[in-house]
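Student: Please take a close look at one part of this model, beginning with the turn of the backbone just past a helix. I would then be grateful for a connected account that leads from there to other parts of the chain.

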Amino acid sequence: MSILAARMIGSGSYLPEQILSNAELAGRLDTTDEWIRTRTGITERRIAAPGEYTSDLALKAAQRALQMADVSAETLDFILLATTTPDLVFPATAVRVQRKLGVKRQIPAFDLQAVCAGFIYGLSMADSLIRSGAARRVLVIGAETMSRAVDWQDRSTCILFGDGAGAVVLEATEEPQRGILSTHLYADGQYEDLLRTQGGISHGILLDPASGSGFLQMRGNEVFKQAVKALEEIVDVTLAANGLDKSQIDWLVPHQANIRIIQSTAKRLGMTMERVVMTVDRHGNTSAASVPLALDEAVRDGRIQPGHLLLLEAFGGGFTWGSALVRW
Ligand code: ACO
């Protein structure tokens, strides 16, 4: 059998119950609902409960994706989990999800770390595994507890992020022009100082809420400019590689960092915002989880229909960025 593509056969997502509104943040920090909404488009975000870990969010999203795909976890050949906020340094959160799913087969499972672009990187890896014949069915998850990577005293970063998880099940298909049509991945390490955490195991600096050390730091304005530029370029590269005109894209499913970045990408595609899947208002930036969360929402509410052409894109720390063109 000649395998031609990796088709998405199910999606799922999960958000923690606790909602943190801009108004609540304005009660604790020198900020306002108006500032947050106009600069970012965010009105609220979800926060994982104490004792609720990235693997718990990932598990629920994965179970929902498997349910939509109508396949059992036992039939998976590979689990890829994109996260910047793993449960532990090791074992990998993906392996914990394998156990929690009750998968007894000794399939490969590992985490990949490309910050907000992690899910797109995961799709690209899964696509390669399936096209090469190394795997027939792959679970790709993006899951984060970003609320634990930010300093809640730093108004310039903590207002941006939220927790959540999204997942897709990919399967080998012989149908041409179905599933993942192309992926493009990039990284450029020269911008590390604009967006990074100050702590980590090898640096010997642990995240410490009392002193505020170790947490995420960002020069937002400069990141913003680089994100807009990189995403505009990747839209052009993706369309050219597939010989497509921008009018042929049915849905833009972007990383949800900032409404103004999303609007600029939509403008490049000549798209009205009605054809852009937006969750940033309710989810904030959930890093690697943001694209699969948005995708699942639009699949479940019926906006995305079989045969639709989707452009998925993300940009994040590293910098890392990427796109995936998908025929649903
Ligand atoms: N409330 C009120 N004022 C604030 C707040 C706040 N929460 N945060 C910052 N300010 C102030 C600043 O101190 C500054 O004040 P000053 O002019 O007196 O110095 C002013 O607001 C403007 O600050 P800027 O940083 O220039 O604001 P900007 O318009 O750039 O918006 C934002 C900031 C929202 C962070 C924006 O730059 C952005 O979204 N950047 C991109 C983020 C991104 O895409 N990151 C990549 C993904 S994340 C990842 O990979 C982990």
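Tutor: In this predicted model, Gly302 comes just after helix α10 and takes a positive phi of about 90°. Helix α10 itself covers residues 290-300, and 9 of its 11 residues are buried, so the helix is largely enclosed by the rest of the structure. The buried residues are Ser290, Val291, Pro292, Leu293, Ala294, Leu295, Asp296, Ala298 and Val299.

Two of these names lead to the next part of the picture. Ser290 and Ala294 are among the residues in contact with Gln256 when its neighbours within four places in sequence are left aside. Gln256 is placed in the loop between β11 (251-254) and α8. Is Gln256 buried or exposed? Its relative accessibility is 0%, and buried means under 20%, so Gln256 counts as buried. Its side chain makes two polar contacts with the backbone: one reaches the oxygen of Val277 at 2.9 Å, and the other reaches the nitrogen of Val280 at 3.0 Å. Further contacts of Gln256 include Ile262, Met278, Thr279, Gly284 and Asn285.

The account now turns to the ligand. It is surrounded by 26 residues, and the closest are Thr31, Arg39, Cys116, Asn258 and Gly317. Which atoms of Asn258 approach the ligand? An N or O atom in the side chain of Asn258 is 2.6 Å from an oxygen atom of the ligand. From Arg39, a polar side-chain atom lies 2.7 Å from a ligand oxygen. Gly317 takes part through its backbone, where a polar atom is 2.8 Å from an oxygen of the ligand. Taken alone, the ligand exposes 1,000 Å², of which the protein buries 75%. Two or more residues of the surrounding shell are given by each of α2 (33-40), α6 (155-158), α7 (220-241), α8 (259-268) and β12 (309-316). Helix α7 gives the most to this shell, with 4 residues.

A positive phi also follows another helix. Gly102 comes after α4 and has a positive phi near 80°. The buried residues of α4 (93-100) are Thr93, Ala94, Arg96, Val97 and Gln98. These buried residues pack against α3 (54-69), β4 (78-82), β5 (109-112) and β6 (137-145).

Both of the residues discussed so far for their phi are glycines, Gly302 and Gly102. Most residues other than glycine have a negative phi, and most peptide bonds are trans. Asp70 departs from the first of these patterns, with a positive phi of about 60° although it is not a glycine. Asp70 is found in the loop between α3 and β4. Its relative accessible area is 68%, and the limit for exposed is over 50%, so Asp70 is exposed. Val115 is not a glycine either, and its phi is positive at about 50°. Val115 is found in the loop between β5 and α5.

Which residues are joined by cis peptide bonds? One such bond joins Phe90 and Pro91, with omega about 0°. Pro91 is placed in the loop between β4 and α4. Another joins Gly318 and Phe319, with omega about -5°. Phe319 is found in the loop between β12 and β13 (320-327).

Phe90 has a further role in this description. Together with Val89, Ile201 and Leu206 it forms a nonpolar patch on the surface, with about 510 Å² of accessible area in total. Leu206 lies in the loop between β9 (195-197) and β10 (216-218). With a relative accessible area of 58%, Leu206 is exposed. Phe215 has its place in the loop between β9 and β10, but at 7% relative accessibility it counts as buried. Leaving aside neighbours within four places in sequence, the contacts of Phe215 include Arg148, Ala149, Val150, Arg196, Leu207 and Asp208. Phe215 and Thr145 are 70 residues apart in sequence, and their C-alpha atoms are 13 Å apart in space.

A final case is Arg131, in helix α5 (residues 118-132). Its relative accessible area of 38% makes Arg131 partly exposed. A polar atom of its side chain lies 2.9 Å from the backbone oxygen of Ile180. Arg131 and Asp208 are 77 residues apart in sequence and, C-alpha to C-alpha, 44 Å apart in space.

Terms used. Residues are numbered from 1 along each chain as its sequence is written. Side-chain values use heavy atoms; hydrogens and water are left out. Buried means under 20% relative accessible area, exposed over 50%, partly exposed in between (1.4 Å probe, protein chains only). Contact means heavy atoms within 4.5 Å. Patches are made of residues with over 30% relative accessible area and no salt bridge: like charges are joined within 9 Å, nonpolar side chains (Val, Leu, Ile, Met, Phe, Trp, Tyr) within 5 Å. Accessible areas come from the Shrake-Rupley method with a 1.4 Å probe; for residues, only the protein chains shown count as cover. A salt bridge is a side-chain nitrogen of Lys or Arg within 4 Å of a carboxyl oxygen of Asp or Glu. A residue is near a molecule or strand if one of its heavy atoms lies within 4 Å of it. A polar contact is a pair of N or O atoms within 3.5 Å; within protein, one must be able to donate a hydrogen and the other to accept it, and residues adjacent in sequence count only if both atoms are side-chain atoms.
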